[in-house]
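I sat down to go through this fold strand by strand and keep a record of what I looked up. Here is the model I had open.

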Amino acid sequence: DNAKKAQKNIEEIKSLLPELLKKNKSAPKSYATIYFGLKGIRTAHENIYEKLKKGDKYLYLGIPAYQPEEQHLYWQRDHIKRVKTGIKIRGLFNKDTDPKILRNRNSYGLADIRYMPTDIKTPATFLIYKDTVVIILQSPEEIAVEIVNQSIADTFKAYFDDFWKLSKPFK
């Protein structure tokens, strides 16, 4: 009878549900989030602390010479937090950046900050870690676009690695 068939189907679906949910959770998730303002940029950056642990590293590609003063102060405080957490950074600043800034960023430890090996001057920066890329613009507009996708992160990491091989340690 139909009621028994329906009940049997419901029982079958219930027994399959945990397996289906497990598969759904293990499927890679790609998404993008847009953050606005300096606080938004900080939020996007601080997501590293959710995905990275002691010994992991993140990369910054094409950091512009100009950043709002309050951002300089924020980054300095963040480096202290980063070192306490045991996370490493490798960063490439645009060549027109004041050497004092590179000296400062390298002074925190677990950091290797250098100049870009080209004369490229970009207003946007790329933060790369794990399966995530964040495109950050601090000036003239403040916006960050976070993309979570392993293939995209691997692509940006390949660009970073190529520039890194051509760069020289900061003295």
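My entries follow, starting with the ground rules and then the sheet.

**Ground rules.** I am working with a predicted model, where local features need pLDDT of at least 70, side-chain atom pairs count only at pLDDT 80 or more, and totals for chains, interfaces and linings use all residues. Residues are numbered from 1 along each chain as its sequence is written, and side-chain values use heavy atoms, with hydrogens and water left out.

**The sheet.** I looked up the strand order and got β1-β7-β6-β5-β2-β3-β4, an open sheet of seven strands with mixed pairing. The edges are β1 (31-36) and β4, each pairing on one side only. Direction ignored, neighbouring strands are turned by 15° against each other on average. For my own reference, helices (H or I, at least four residues) and strands (E, at least two) are DSSP runs numbered from the N terminus, and two strands pair if DSSP finds at least two bridges between them. The textbook reminder: strands of a sheet pair through backbone hydrogen bonds, either parallel or antiparallel.

**Pair by pair.** I started at the β4 edge, where β3 and β4 run parallel and share five bridges. Phe93 has Tyr115 of β4 as its bridge partner. Next I checked β2 with β5, and found an antiparallel pair with three bridges; Leu61 sits opposite Phe126 of β5. β5 and β6 are also antiparallel, with six bridges, and I noted Ile128 opposite Val133 in β6. The β6 and β7 pair is antiparallel with six bridges, and there Ile136 has Ala144 of β7 as its bridge partner.

**How enclosed is β6?** I wanted to know how many of the six residues of β6 are buried. Five are, so the strand is largely enclosed by the rest of the structure. My cut-offs are under 20% relative accessible area for buried, over 50% for exposed, and partly exposed in between (1.4 Å probe, protein chains only).

**Thr125.** This one belongs to strand β5 (residues 124-129) and stands opposite Ile136 in β6. Thr125 counts as buried because its relative accessibility is 4%. Leaving out residues up to four places away in sequence, Thr125 touches Tyr60, Leu61, Gly62, Ile63, Pro64, Val134, Ile135 and Ile136; a contact means heavy atoms within 4.5 Å.

**Ile147.** I moved to strand β7 (residues 143-148), where Ile147 is found. With residues up to four places away in sequence not counted, its contacts include Tyr31, Asp131, Val133 and Ile152. I also took a distance: the C-alpha atoms of Ile147 and Leu166 are 26 Å apart, with the two positions 19 residues apart in chain numbering.

**Turns and odd backbone.** The β5-β6 hairpin has two residues between its strands, and Lys130 in that turn shows a positive phi of about 40°. Lys130 is partly exposed because its relative accessibility is 42%. Leu110 has a positive phi of about 55° although it is not a glycine; I found Leu110 in the loop between α5 (99-106) and β4 (111-115). At 38% relative accessibility, Leu110 counts as partly exposed. The hairpin from β6 to β7 goes through five residues. Pro140 lies in the loop between β6 (132-137) and β7, and the Ser139 to Pro140 peptide bond is cis, with omega near 10°.

**Helices on the sheet.** I looked at α2 (residues 37-46) first: it lies across β1, β2, β5, β6 and β7 and runs at about 145° to β1. Helix α6 (residues 150-166) packs on the sheet too, touching β2, β3, β4, β5, β6 and β7, with its direction at about 65° to that of β3. These angles run from 0 to 180 degrees between N-to-C directions, with axes fitted to C-alpha atoms, for helices over the stretch in contact.

**The lining of the cavity.** My last lookup was what lines the largest cavity, and I got 15 residues, with Tyr60, Ile63, Trp75, His79 and Phe93 nearest its centre. On a 1 Å grid over the protein atoms alone, a cavity is a set of points where a 1.4 Å probe fits but cannot get out, and lining residues have an atom within 4 Å of a point. β2 (57-63), α4 (69-85) and β3 (88-93) each supply at least two lining residues.

Conventions:
1 Å grid on protein atoms, 1.4 Å probe; cavity = no way out; pocket = protein on both sides within 12 Å on 5 of 7 lines; lining within 4 Å.
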